[in-house]
Amino acid sequence: MQSFDRVDLVWEQAYARTFVVQVSADGDSWTDAGSVDNTAIPLPFDGGDASMRVETVPVTTARYVRLSCGLRNTSWGNSLWTFSVVDSARPGTDLALHAKVTASSEDPSYPASNATDGNQNSRWS
C-alpha cells in the first residue's frame, strides 16, 4: 500500500474527455478518487501530439490505481503516453513506474505496459 495525492496523465490526441481515477486495496472493491470532464474545455495540444493532465486527489492510500475512461475525444479509442501516480511529499517519485499494468483493451503494437515504462516515446492505445 502506498500513499499518493496526484495522478499525471500525458494523453495523445485520442484522449478520454471524461474519466474517473479509481483506487483499491485488494483489486476487487474500487472507490472513486477523482473524476474529470474535459467536454467543455478541450485539452491544449498546440500543434503537438501530447497534452498533460494533472489530476489532484485527496491523499489516498491504495495498492491499485485504475483509470476508467468514458467519453472519447475522437472516433479512435483512447491513447495515453504516460500514466504516473505521484506522492507530492516525495518529489520525483512515480509510484506507477514499471508497475504491472492491465487494460480492458489494447492495440498489440501499443500495449498498456507502455504507459508506465518510463519511455516518453511509447504509448498505450
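In this predicted model, the second largest pocket holds about 220 Å³ of space. Its lining is made up of 14 residues, and those nearest the centre of this pocket are V10, T82, S84, G118 and Q120. Strand β6 gives the most to the lining of the second largest pocket, with four residues. By residue type, this lining divides into seven nonpolar, five polar and two charged residues.

One of the residues nearest the centre of the second largest pocket, T82, is a good place to pause. T82 belongs to strand β6, which spans residues 80-86. Its relative accessible area is 16%, so T82 counts as buried, the cut-off being under 20%. Leaving aside residues up to four places away in sequence, T82 touches D8, L9, V10 and A115. V10 therefore appears twice in this part of the picture, once as a contact of T82 and once among the residues nearest the centre of the second largest pocket, where a lining residue is one with an atom within 4 Å of a pocket point.

Attention now turns to the largest pocket, whose volume is about 1000 Å³. A total of 35 residues line the largest pocket, with V65, R66, L67, V101 and T102 lying nearest its centre. Strands β1, β5 and β6 each supply at least two residues of this lining. Of the strands, β5 (64-69) gives the most to the lining of the largest pocket, with six residues. The lining of the largest pocket comprises 19 nonpolar, eleven polar and five charged residues. Rolling a probe the size of a water molecule over the atoms is what shows where such empty space is left.

The charged side chains offer another way into the structure. Side chains of opposite charge can pair when their charged atoms come close. Three salt bridges are found in the structure. In one of them, D8 pairs with R6, and the closest N and O atoms are 2.7 Å apart. D8, which is also one of the residues touched by T82, is buried, with a relative accessible area of 7%. Its partner R6 is partly exposed, because its relative accessibility is 25%.

Another salt bridge joins E12 to R123, with the closest N and O atoms 3.4 Å apart. E12 lies in the loop between β1 (2-11) and β2 (18-24), whereas R123 lies in the segment after β6, so this pair ties together parts that are 111 residues apart in sequence. Both E12 and R123 are buried.

E55 and R53 also meet through their side chains in a salt bridge, at 3.3 Å from N to O. Here E55 is buried, at 9% relative accessibility, while R53 is partly exposed, with a relative accessible area of 23%.

A last point of interest concerns the backbone at H98. This residue has a positive phi of about 65° although it is not a glycine. H98 is placed in the segment after β6, the segment that also holds R123. With a relative accessibility of 59%, H98 counts as exposed, whereas R123 is buried.

Terms used:
Residues numbered from 1 in each chain as written. Predicted model: local features only at pLDDT ≥ 70, side-chain atom pairs only at ≥ 80, totals over all residues. Heavy atoms only, no water. Buried < 20%, exposed > 50% of the residue type's maximum accessible area, 1.4 Å probe, protein only. Salt bridge = Lys/Arg side-chain N within 4 Å of Asp/Glu carboxyl O. Contact = heavy atoms within 4.5 Å. 1 Å grid on protein atoms, 1.4 Å probe; cavity = no way out; pocket = protein on both sides within 12 Å on 5 of 7 lines; lining within 4 Å. Points joined across faces, edges and corners; volume = space filled by probe spheres on them. Nonpolar A, V, L, I, M, F, W, Y, C, P; charged D, E, K, R; others polar.
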